Amino acid sequence: MSLFMTRKATPEEPDEVLLEAFKKGDRAPFLWLFDRYRDSVIAYVWRMCGRRDVAEDICIEAFAGLVLRVWKPEDSFRESLTSVVHQMCVTHMARIANEPPRSAGFGVPLPGSPEEAVDTSEKKATELAVASVPLGYRAVLLLYYTMELSLDQISRVLACDRDQLPLQLAYARHLFRRGRAL
Amino acid sequence: MSNDKTWLGLRVEDLSIEQREQIANDASTRAAHLQEVELGRLLELPPVVAERPNVNDVFTRSSYATQAFSKLGAEESRRSLVVTLPLLFLVAILWLYTLLGEEWPWESPNNAVVPGGVPVAGGGPVSVKLDATAKAIHGERPLRAGSVIEAPESLQFKVQVTGTGYLVILDVTEGVQQIYPSRDPSSWPVTDGEQAPDRSMRVQRPGADDEKVRKYRAMLCERPPWVVDGAMPEGCMFSDLVLTWR
């Protein structure tokens, strides 16, 4: 029996431990990492871009990029992943900027949008309110509450002043609350 | 909305000690803080949690990408053969001409054949100037020499051309790397006016270990400028732009 027993990673381990175990050839930690972030990544991109298919595609693409080492996580896996996902989201939005908007009647949710997908009026109110927040404020709101980044991490992902973020976040919440009240 | 308590609704790790004490000691502040926290909680979950992609989708996507890269490599080697064989043939013809002491076809004033590519009508290159813009969600901004491209922005080029010729965009920071057109330099013939690469072009953000200050070059040549082993072709005009990636 070997004197040096290698401890197996468990699903509750921190991101960096799972990542290290995956690098050593164990696939299970990658599955746990994916499960840990999939929903929040999809929620973030879906609410930013308004398209479920794009959100799922970016989620798969970001994790496939990790497998292929197209990008390498730095100190915080959560921050690095969010940065990649945000960049892909911005690139997508820049690419479709000149395309004509998908048609839908006044007040009718666009096909594939979060507000069209939800089943209760409570959830619909939430998604409509998110969609009413301008993109810059929406990014701050979602990075904080959906991706659960700290203010320091958001300032690095968006390359903006950290001291301005509490005010921007408060205003984003104000817009979100106002959207829900309508 | 007042600016004095913008920290309400933040997580504990983002609050200062004084702010935490205020929440703990003041009931009305605590109530307002919890109300903001509850509002934020509405955003924690995705709109729908059924039928999500699974980890197999990720591995399938990555294996497709690996296959695509390897096919690309095989295609590259086939393509290099396609280029090498005609070149050898051309060298053999030139050698034969030298031996026979014949006059080169393009030395004859009445002959229209030009070596190295199809000549461009209209007098050739006169001037070239490379400009760039940074694009983000909120819009775009022009970049000058030495400008910084921030993390969420992407880089787009525009080239002002006077005259005619073949245009390429290069990254000349470390050696010479052609970034547009991606392969054949004869595929971007231009005439007077503003030129922009099509949407297939994406300038890659430098990796963590790469040089962040990059020198880009627009080069306008009378004939398609094949860059061989990093050496710049002769008889071309160029314009450089140095940009810094954050």
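Visitor: How do H6(A) and H9(A) lie to each other, and why?
Guide: H6(A) and H9(A) are oblique to each other, because the angle at which they pack, about 130 degrees, falls outside the ranges for roughly parallel (under 35), roughly perpendicular (65 to 115) and roughly antiparallel (over 145). Keep in mind that this is a predicted model.

Visitor: Which residues are in H6(A) and H9(A), and how far apart are the axes?
Guide: H6(A) covers residues 121-132 and H9(A) covers residues 165-181. Their axes are 8 Å apart, and the crossing of the two helices is right-handed.

Visitor: Which side chains meet there?
Guide: From H6(A) come Ala125(A), Thr126(A), Leu128(A), Ala129(A), Val130(A) and Ser132(A). They meet Leu175(A), Phe176(A), Gly179(A) and Arg180(A) of H9(A). By class, that contact has six nonpolar, three polar and one charged residues.

Visitor: What about H2(A) and H3(A), at what angle do they cross?
Guide: Roughly 140 degrees, with the axes coming within 8 Å. H2(A) is residues 28-49 and H3(A) is residues 52-67. Oblique is therefore the word for this pair, and H2(A) passes H3(A) in a right-handed crossing.

Visitor: Which residues of H2(A) and H3(A) meet?
Guide: On H2(A), Phe34(A), Arg38(A), Val41(A), Ile42(A), Val45(A), Trp46(A) and Cys49(A) take part. The H3(A) side includes Arg52(A), Glu56(A), Ile58(A), Cys59(A) and Phe63(A). The class count for this contact is twelve nonpolar, no polar and three charged.

Visitor: How many helices and strands does chain A have in total?
Guide: Nine helices and zero strands. Chain A has 182 residues, and 40% of them count as buried. Of its contacts with a separation of 6 or more, 55% are between residues 24 or more positions apart.

Visitor: Switching to the interface. How many residues does each chain put in?
Guide: Chain A gives 49 residues and chain B gives 40. On chain B, helix H2 (27-41), helix H3 (55-100) and strand S1 (125-136) each supply at least two residues of the side that touches chain A.

Visitor: Which of those gives the most?
Guide: H3(B), with eight residues. The residues on the side of chain B that touches chain A divide into 21 nonpolar, eight polar and eleven charged.

Visitor: S1(B) is a strand. What sheet is it in?
Guide: An open sheet of four strands in chain B, in the order S2-S1-S4-S8, with antiparallel pairing. The edge strands are S2 (139-143) and S8 (193-195) of chain B, each pairing on one side only. From one strand to the next the twist averages 30 degrees.

Visitor: How many bridges join S1(B) to S2(B)?
Guide: Five, and the two strands run antiparallel. Ala132(B) stands opposite Leu143(B), which is in S2(B).

Visitor: Last one, Arg20(B). Where is that?
Guide: Arg20(B) is in helix H1 of chain B, residues 17-25.

Visitor: Why does Arg20(B) count as partly exposed?
Guide: Because Arg20(B) has 13 C-beta neighbours inside 10 Å; a residue is exposed at 12 or fewer and buried at 20 or more.

Visitor: What does Arg20(B) contact beyond four places in sequence?
Guide: Leaving aside the neighbours within four places, Arg20(B) is in contact with Val12(B) and Leu15(B). Arg30(B) is ten residues from Arg20(B) in sequence, and the C-alpha atoms of the two are 9.5 Å apart.

Key. Residues are numbered from 1 along each chain as its sequence is written. Chains are lettered from A and ligands numbered from 1 in the order in which they are written. This is a predicted model: local features need pLDDT of at least 70, side-chain atom pairs count only at pLDDT 80 or more; totals for chains, interfaces and linings use all residues. Two residues are in contact if their C-beta atoms, placed from the backbone, lie within 7 Å. Ala, Val, Leu, Ile, Met, Phe, Trp, Tyr, Cys and Pro count as nonpolar, Asp, Glu, Lys and Arg as charged, and the others, Gly among them, as polar. Two strands pair if DSSP finds at least two bridges between them. Axes are lines fitted to C-alpha atoms, for helices over the stretch in contact, and angles run from 0 to 180 degrees between N-to-C directions. A crossing is left-handed if the near helix is turned anticlockwise from the far one by less than a right angle, and right-handed if clockwise.
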